[in-house]
Amino acid sequence: MASPLKAVLVVEKALGDLWIQLPCIDQLGSCTYDDVCTILDNLIPPGTPCPEPLFTYGIPCHCPFKAGSYSLPASDFALPDVELPSWMTNGNYRVRAVVSSRGQELACVKLGFSLQSQ
C-alpha cells in the first residue's frame with residue numbers, strides 16, 4: 001500500500017456500558033485523513049526505526065505497507081508528553097480504521113486501548 005492512503009477512523013470511548021462515538025475536533029477523534037503516509041512521516045521521520053514494540057513484532061510504521069496480516073499482543077506504550085483535550089483523556093477506547101487508495105478499500109484495522117495520564 002503506497003501513498004496516498006486515505007484513512008477513515010471511527011473512535012469510540014466507553015462511558016459505563018455504552019460506547020460513544022467521538023466527533024472529529026482539531027483532527028482528533030472520528031476523522032478522515034486523506035494522506036496517512038505524510039502524517040506518519042511527520043510523526044516518525046523516514047529512516048527512523050519504528051518505535052517499540054512495533055519494531056520487535058515487525059509491524060511497519062511507514063509507507064509503503066506490504067500486504068499481510070499484522071498482530072500486536074497487548075502492549076504498553078509510553079507516549080510523549082502531549083496536551084490532549086479533556087474529552088480524550090483517561091478511559092477505554094476502540095478504533096476502527098478503513099484504509100483506501102483511489103476508492104479501493106485496502107485494509108481494515110481494529111484496535112482497543114486505554115489511556116491513563118500520570
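Trainee: What makes Cys50 and Cys61 count as buried?

Mentor: Buried means under 20% relative accessible area, exposed over 50%, partly exposed in between (1.4 Å probe, protein chains only). Cys50 meets the buried criterion, and so does Cys61. Keep in mind that this is a predicted model: local features need pLDDT of at least 70, side-chain atom pairs count only at pLDDT 80 or more, and totals for chains, interfaces and linings use all residues. Residues are numbered from 1 along each chain as its sequence is written, and side-chain values use heavy atoms, without hydrogens and water.

Trainee: How do you know that Cys50 and Cys61 are joined by a disulfide?

Mentor: A disulfide needs two cysteine sulfur atoms within 2.5 Å, and here S to S is 2.1 Å. The S-S torsion is -100 degrees, making the link left-handed.

Trainee: How many disulfides does that rule give?

Mentor: The count is 3, in the pattern 1-2, 3-6, 4-5 when bonded cysteines are counted along the chain.

Trainee: Why is the disulfide of Cys24 and Cys31 called right-handed?

Mentor: Its S-S torsion is about 100 degrees, so right-handed it is. The sulfur atoms sit 2.0 Å apart. Cys31, at 2% relative accessibility, is buried, while Cys24, at 39%, is partly exposed.

Trainee: And what makes Cys37 buried?

Mentor: Its relative accessible area is 4%, so Cys37 counts as buried. Cys63, its disulfide partner, has 22% and is therefore partly exposed.

Trainee: Why is Ile20 called partly exposed?

Mentor: Ile20 has 35% relative accessibility, so it gets that label.
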